Structure formats: C-alpha cells, structure tokens
Amino acid sequence: IGNIPPETSVKVVLRYIESVEVHANKKYRLIVNSTLTPRYYSRNHPDVLSPNIKITEKLAFTWKITANIFSSRTILEVSSPSHEIDLRNENEQHSAFVNLKNCEYPNHNFVLLFQTDAIQEPQISLAEYNLNQNPNEYSKQYCAVITYMPDLVKGEPDVQLALQNNKLEPKSEPDFLDSRGEFIFVLDRSGSMGGGRIKKAKEALILFLKSLPADSYFDIISFGSGHQCYSKELSERTTEANVEKAVEHVRSMWADMGGTEIMGALVESLIIKGRRPNYPRYVYLLTDGDVANAQSIVNMVENLSLIHISEPTRQAEISYAVFCLKKK
C-alpha cells in the first residue's frame with residue numbers, strides 16, 4: 001500500500017461465502033452490512049445518537065449492489081425492506097437479478113428477502129462414503145440427512161402482516177417458551193419387551209429426556225405387572241443435573257417387571273399423579289402393544305374428557321396430549 005502513488009484509485013475485491021439465514025420461517029434473508037464495527041454511543045451524550053453527518057461529493061462514495069439468485073425451485077417473491085430495487089426474473093422464475101434502483105450511500109444495511117415454493121418442504125441429502133481406512137478396499141456405506149422447516153408462524157397475525165409489508169422484523173416472533181410442559185414417559189418393562197425392544201425403548205427415552213424444553217417438568221413411570229414412578233411425589237424439573245440422573249436411571253432399566261398392565265400406568269399418569277399448575281401434561285407411552293385389552297385402553301383414553309389427542313388447550317386448567325410409540 002505504501003507504494004501507491006497519491007491521487008491513485010485502488011480497487012479492493014473481497015470474496016467470501018456466507019450462509020443465507022431464514023426470516024420468520026418464510027423467506028431467505030441476505031444482509032449486506034454498511035459497517036463492520038458499530039459505533040459506541042455514551043448514554044451521557046444523547047445528542048450524538050443522531051449525528052448530523054455532512055456528506056460532500058469529494059469524500060462520499062456510493063453503493064453498487066447486484067444480487068443474482070439461482071434456484072432449482074420456483075422463486076415466488078424477491079423484495080427489499082431497506083432499499084428500492086430493480087428486479088428481473090428469467091428462466092421461468094428460477095433466476096432473479098437484482099440491482100439498486102437509486103444512487104445510494106452506505107448509511108444503512110442492505111436487506112434482501114426472497115422466497116421459493118419449497119422453503120418448507122422436507123429435503124434429503126444422501127452421501128456415499130468408504131468405511132475402510134485402506135483406500136484399495138471399498139466398503140460402500142451411505143449417510144442421509146433430512147431437513148425440514150415447520151410452519152412456526154402459522155396463525156400469528158402480526159408475523160404474517162410483517163411479512164406482507166416487508167418489514168425487517170415482525171412485532172413478535174413465535175413463543176418457543178410456549179412449548180414447555182410436564183412430560184410423563186410411560187415405559188413398558190414387561191417380559192415381552194426383552195432383548196432389542198427394551199434397548200430401543202431406552203434409547204428413545206434417553207433421547208426424549210435430553211431434548212426436553214427448558215422450564216419444564218418430567219417423570220418416568222415404569223410398568224409391568226404393576227407400575228412405579230421415578231419421582232416419588234411431583235415431577236422433576238428439567239435441570240441438567242436432574243436429566244443426567246434420570247438418564248442413568250433409564251440405563252439401569254430392564255424388561256423385568258412381569259406382565260403388561262398398561263391400564264394402571266396410564267391411570268396413574270393421567271389422573272392420580274399430582275400436577276404442576278400451568279404446565280400442560282404430555283404423556284408418552286412406549287410399549288410393544290402386545291395386550292388383549294388394547295381397545296379398552298383406547299376407550300378409556302377417549303372417554304376421559306380431560307384428554308385432547310392431538311393438540312392440548314394450553315389455556316385450560318387441565319389438559320393432556322397422549323402419544324403412543326408402539327414397537328412392531
């Protein structure tokens with residue numbers, strides 16, 4: 001740089017790869033920052049929060065931004081909530097070319113939103129690899145990754161309105177804390193669960209325990225000829241220590257409790273066991289389902305007016321959701 005003569009123009013080219021984030025689970029969002037190091041403003045000098053910066057033609061430079069979007073799926077919409085843009089679509093809506101419409105100074109971030117018809121469709125990626133360390137010997141194996149994006153903002157009117165108006169940030173995002181609850185896992189430890197069945201059920205239960213949302217409670221009810229609760233009184237809070245202790249307890253479980261009396265364990269989980277106020281209860285039944293009174297159990301669950309099979313009413317004083325995981 002020291003060898004550059006005075007009054008000489010210098011062109012600096014930076015090339016980098018950046019992930020495009022997802023905005024409100026509806027659109028892809030690209031942000032080009034106007035500054036890399038935001039200024040610090042003292043609270044003792046409020047007058048500097050909106051400084052009057054004089055821009056002269058000699059010192060000022062303008063932005064020239066071009067965005068080329070190529071997609072294997074149909075591009076439904078391209079917009080910018082921050083700047084006016086010129087848009088050209090080609091290749092039957094699979095390509096979009098964007099330019100700034102006006103001469104712009106980089107005094108605020110450039111934001112580009114675009115949406116395809118497949119942003120919420122599940123996708124699978126399949127890769128082939130060799131297990132053998134010896135490159136001359138090939139053992140074909142496959143690795144698959146499935147990704148999906150749930151419609152978390154469905155039914156949120158302010159989020160939908162923000163998206164329609166191309167606002168940068170909606171007034172509110174989905175309340176993920178609303179997923180908290182009291183999770184009761186009813187595990188079949190009867191003789192028919194021996195071998196691989198109890199092993200798979202334990203693996204699933206450990207995964208559930210480690211995936212519990214924050215600010216929730218949990219308990220484990222084991223059953224066979226009888227049933228027993230992991231927590232002696234009310235359910236346990238989902239702290240790291242409590243979950244790890246429960247995981248160790250699950251690892252010590254075996255199919256050693258005799259018969260398959262599902263009814264008693266479900267009655268315990270749905271009616272008898274004390275509740276945590278303001279926490280909807282979710283009951284997960286892990287069983288091989290090899291019982292003669294299966295229909296009676298289903299009828300009991302259906303006849304309890306406290307139970308909502310698919311989506312519990314969170315505002316209700318008491319609400320349940322019941323899920324059965326059956327090993328065939």
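Let me start with strand β4, residues 75-79, which pairs with β7 in the antiparallel sense over four bridges, and where Ser79 stands opposite Leu113 in β7. Please keep in mind throughout that what we are looking at is a predicted model.

On its account of partners, β7 also has strand β2, residues 27-32, to which it is joined by five bridges, and these two strands again run antiparallel. If you want a pair of residues to find on the screen, take Ile31, whose bridge partner in β7 is Val111.

Now, how many of the seven residues of β7 are buried? The count is seven of the seven across residues 110-116, so this strand is largely enclosed by the rest of the structure. Looking at the two directions in which its residues point, we have Phe110, Leu112, Phe114 and Thr116 one way, and Val111, Leu113 and Gln115 the other way, and all of them are buried.

Let me step back for a moment to the whole protein. There are five helices and 15 strands, and buried residues make up 32% of the 328 residues. Among the contacts between residues at least 6 apart in sequence, 68% join residues that are at least 24 apart. The accessible surface comes to about 21,900 Å², and 52% of that belongs to carbon and sulfur atoms.

The next strand I would like to show is β10, residues 182-188, where seven of the seven residues are buried, so that β10 too is largely enclosed by the rest of the structure. Glu182, Ile184, Val186 and Asp188 point one way from this strand, while Phe183, Phe185 and Leu187 point the other way, and every one of these is buried.

Which strands pair with β10 in the parallel sense? One of them is β11, over seven bridges, with Phe185 standing opposite Ile220 in β11. Another is β14, residues 281-287, where the pairing with β10 is parallel over six bridges, and here Phe183 stands opposite Tyr282 in β14.

Between β10 and β11 we should also look at helix α2, as β10, α2 and β11 make a right-handed β-α-β unit. The 15 residues of α2 should span 21 Å at 1.5 Å a residue, and since its end C-alpha atoms are 21 Å apart, the two values agree. The buried residues of this helix are Ile198, Ala201, Lys202, Leu205, Ile206 and Leu209, and they cover an arc of only 135° around the axis, which puts them on the same side of α2. As general background, an α-helix has 3.6 residues a turn, so residues three or four places apart point the same way. On the other side of α2, by contrast, Lys199, Lys200, Leu207 and Lys210 are exposed.

What do the buried residues of α2 pack against? They pack against β10, β11, α3 and β14, and this brings me to α3 itself.

Helix α3, residues 240-251, has twelve residues and reaches 17 Å from its first C-alpha to its last, which is close to the 16 Å expected at 1.5 Å a residue. Its buried residues are Val243, Ala246, Val247 and Val250, and, seen down the axis of α3, they fall within an arc of 105°, so they line one face of the helix. What covers them includes α2, residues 196-210, and β11, residues 217-223, whereas on the other side of α3 we find Ala241 and Lys245 exposed.

I will end with two residues whose backbone angles deserve a look. In general, most residues other than glycine have a negative phi. Glu7, however, has a positive phi of about 60° although it is not a glycine; this residue is found in the segment before β1, residues 21-23, and it is exposed, with a relative accessible area of 85%.

Glu92 likewise has a positive phi, of about 55°, and is not a glycine. Where is Glu92 found? It is in the loop between β5, residues 85-90, and β6, residues 95-100. Is Glu92 buried or exposed? At 69% relative accessibility, Glu92 counts as exposed, the cut-off for that term being over 50%.

Definitions and conventions: Residues numbered from 1 in each chain as written. Predicted model: local features only at pLDDT ≥ 70, side-chain atom pairs only at ≥ 80, totals over all residues. Heavy atoms only, no water. Buried < 20%, exposed > 50% of the residue type's maximum accessible area, 1.4 Å probe, protein only. Contact = heavy atoms within 4.5 Å. Areas by Shrake-Rupley, 256 points an atom, 1.4 Å probe, with all protein chains shown as cover. Expected span 1.5 Å × (residues − 1). Arc of directions from axis to C-beta. Pairing = 2+ DSSP bridges. Right-handed = clockwise from strand over helix to strand, strands pointing away.
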